[in-house]
Amino acid sequence: MSRSGASEHRAEVRWQRGEADAFTDNRYSRRHAWRFDGGAEVAASSSPHAVRVPFSDPSAVDPEEAFVASLSSCHMLWFLSIAAQRGFRVDSYRDDAVGTMQQNAAGKVSITQVTLKPEVRFSGDRLPSAQELAEMHHEAHEQCFIANSVTSEVICEPVQPNQPD
């Protein structure tokens, strides 16, 4: 971050009409591309839940999935940092995060809840207790830039692997 504490994060979003004869009939592909500053490019589309196939591409990432993934990824990155600072060796981290889209209290369709289900595997001489694990997830949630930026409820339900406390 800069000295002022601010930083910018950019994404380029590109779409072209392509072979669609018309556009005003609403029968055009929603497939597009996201390009990020490091050069990564991701195929993107509207969700098939919002716009039917073939106008949506189910093999591409939709904004709703990206929203859920960004929350999960941010939580994971903070969790790994906290675990390392506390001297715990993490071997793997997996999260099957789920976002629920429905009408909110204002009557607008939104992602009203994201549930993170992280399963973390540790090794080494020092393994976290269930309470230490819960505390690290709580701290990760409190520090997560993305969770701090949204109004959706974000729930963390860690999956406890079969390891001694």
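## A charge over a ring

Let's start with Arg-30, which sits over the face of Tyr-28. The distance from the ring centre is 3.8 Å. Keep in mind that what you're looking at is a predicted model.

## Rings that pair up

There are seven aromatic pairs in this structure. Take Phe-88 and Phe-122 as an example: the ring centres are 6.3 Å apart and the planes meet at 75 degrees, so this pair counts as edge-to-face. The cut-off for that label is an angle over 60 degrees.

Where do Phe-88 and Phe-122 sit along the chain? Phe-88 is in the loop between α1 (63-85) and β4 (89-95), while Phe-122 belongs to strand β7 (residues 118-123). They're 34 residues apart, so to speak, distant parts of the chain linked by one pair. Are these two buried or exposed? Both Phe-88 and Phe-122 are buried. They also belong to one aromatic cluster, together with Phe-79 and Tyr-93.

## The largest pocket

Now for the pockets. The largest one has a volume of about 280 Å³. Eleven residues line this pocket, and the closest to its centre are His-9, Cys-74, Trp-78, Phe-145 and Ile-146.

What kinds of residues make up the lining of the largest pocket? Seven are nonpolar and four are polar, with no charged residues in the mix.

## The second largest pocket

The second largest pocket comes in at about 240 Å³. Among the residues lining it are Ser-47, Pro-48, His-49, Asp-62, Gly-99 and Ile-111. Two elements, α1 and β5 (98-103), each give two or more residues to this lining. Helix or strand labels aside, the largest share comes from α1, with three residues.

By class, the lining of the second largest pocket splits into six nonpolar, three polar and three charged residues. Asp-62, Glu-64 and Glu-65 are all in this lining.

## Cysteines without bridges

How many disulfides does the structure hold? Zero. Look at Cys-156, for instance: the nearest cysteine sulfur is that of Cys-144, and it lies 10 Å away. A disulfide needs the two sulfur atoms within 2.5 Å, so Cys-156 is in no disulfide.

Cys-156 has a relative accessible area of 26%, so this residue is partly exposed. Cys-74, which we met in the lining of the largest pocket, has a relative accessible area of 9% and is therefore buried. The cut-off for buried is under 20%.

Notes
Residues numbered from 1 in each chain as written. Predicted model: local features only at pLDDT ≥ 70, side-chain atom pairs only at ≥ 80, totals over all residues. Heavy atoms only, no water. Phe/Tyr/Trp six-rings, centres within 6.5 Å; stacked < 30°, edge-to-face > 60°. Helix = DSSP H or I, 4+ residues; strand = E, 2+ residues; numbered from the N terminus. Buried < 20%, exposed > 50% of the residue type's maximum accessible area, 1.4 Å probe, protein only. Lys NZ or Arg CZ within 6 Å of the ring centre and 35° of its normal. 1 Å grid on protein atoms, 1.4 Å probe; cavity = no way out; pocket = protein on both sides within 12 Å on 5 of 7 lines; lining within 4 Å. Points joined across faces, edges and corners; volume = space filled by probe spheres on them. Nonpolar A, V, L, I, M, F, W, Y, C, P; charged D, E, K, R; others polar.
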